[in-house]
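Biologist: I would like a close look at one part of this model, set against the whole chain. Please start with the overall picture and then go to the part.

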Amino acid sequence: MNKRLIAPSILSGNFADMGNEVKSMSVIGADWVHIDVMDGVFVPNLTFGFKMIKDIRPLSDLFFDAHLMITNPKRYIKRFVESGADLVSFHFEAEEDIDGTLEIIQNAGCKCGLAINPDTDVDVIIPYLPKLDLILVMSVFPGFGGQKFIDGSLERIARAKQLRDKYAPQAVVEVDGGVTTDNAESIFSAGADVLVAGNAVFSAADRRDAVKVLRGE
């Protein structure tokens with residue numbers, strides 16, 4: 001897998017024109033499509049679910065990265081995979097049976113990721129690293145787009161990379177929250193492989209140029 005991947009979050013897209021927003025991701029040079037699923041319980045916001053993913057899946061050949069910010073994600077894994085997700089990540093803080101949930105994702109033929117909030121010790125992921133395809137380091141508290149990158153996140157990203165290199169060379173480190181064209185280089189340098197960007201892409205005057213700048217081209 002090529003490093004320095006950009007995964008625009010469609011949470012920042014125009015919901016009234018989501019089909020065209022998703023189609024445009026390939027045109028502007030995005031690598032993945034990041035899909036933030038929120039239930040209004042685990043996080044104080046509601047977004048979209050299975051039907052949205054199913055409806056937009058035929059519109060793009062890009063990798064669909066589904067980020068579940070929901071309680072008891074294990075109940076819904078199969079439906080997200082069936083809807084077209086290529087990777088499903090869920091939060092350490094939202095599920096008691098981490099191993100069981102990872103196995104469900106894998107058995108469904110999907111790549112799996114584990115997300116951790118800014119106040120969760122990065123080392124909690126150690127027991128699960130051999131099973132992971134992605135480590136998602138949140139650099140804001142999940143729930144809303146447009147938040148400011150939390151100080152101290154670079155050290156957490158570096159620790160995640162250190163653990164990945166030691167225990168899970170198959171996995172990538174993804175960072176989500178407060179990513180901008182100004183801080184992307186420092187985030188990649190700290191150890192990220194994939195940057196989730198919302199407003200930095202969707203609010204840009206030239207989205208193609210924004211993706212290039214984020215990637216460091």
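What radius of gyration does the protein have, and what would a compact globule with 217 residues have? Then, for the close look: which residues of helix α1 are buried, and which elements do they pack against?

Modeller: This is a predicted model, in which local features need pLDDT of at least 70 and side-chain atom pairs count only at pLDDT 80 or more, while totals for chains, interfaces and linings use all residues. Residues are numbered from 1 along each chain as its sequence is written, and side-chain values use heavy atoms, with hydrogens and water left out.

The radius of gyration of the protein is 16 Å, which agrees with the value near 17 Å for a compact globule with 217 residues. That radius is taken over C-alpha atoms, and the globule rule is 2.2 Å times the number of residues to the power 0.38. Along the principal axes, the C-alpha atoms fill a box of roughly 45 × 35 × 30 Å. The protein has eight helices and eight strands; these are DSSP runs numbered from the N terminus, with helices being H or I of at least four residues and strands E of at least two.

Of the 217 residues, 55% are buried. Buried means under 20% relative accessible area, exposed means over 50%, and partly exposed is in between (1.4 Å probe, protein chains only). Taking contacts between residues at least 6 apart in sequence, 64% join residues at least 24 apart; a contact means heavy atoms within 4.5 Å.

Now to α1, which covers residues 18–27. Its buried residues are M18, E21, V22, S24 and M25. Seen down the axis of α1, they fall within an arc of 160 degrees, so they line one face of the helix; the arc is that of the directions from the helix axis to the C-beta atoms. The partners of these buried residues are the strands β1 (5–8), β2 (32–38) and β3 (63–69), together with the helices α2 (50–56), α7 (199–202) and α8 (207–215). Just after α1, G29 has a positive phi of about 95 degrees.

Some of those partners have notable residues beside them. In the segment before β1, R4 has a positive phi near 60 degrees although R4 is not a glycine. R4 is partly exposed, at 25% relative accessible area. The loop between β3 and α3 (77–83) holds N72, another residue other than glycine with a positive phi, here near 45 degrees. N72 is partly exposed, at 30%.

On the side of α7, G198 sits in the loop that comes after β8 (194–197). G198 counts as buried, with 16% relative accessibility. The C-alpha atoms of G198 and L11 are separated by 6.9 Å, although the two residues are 187 residues apart along the chain. Not counting residues up to four places away in sequence, G198 touches S9 and S12.
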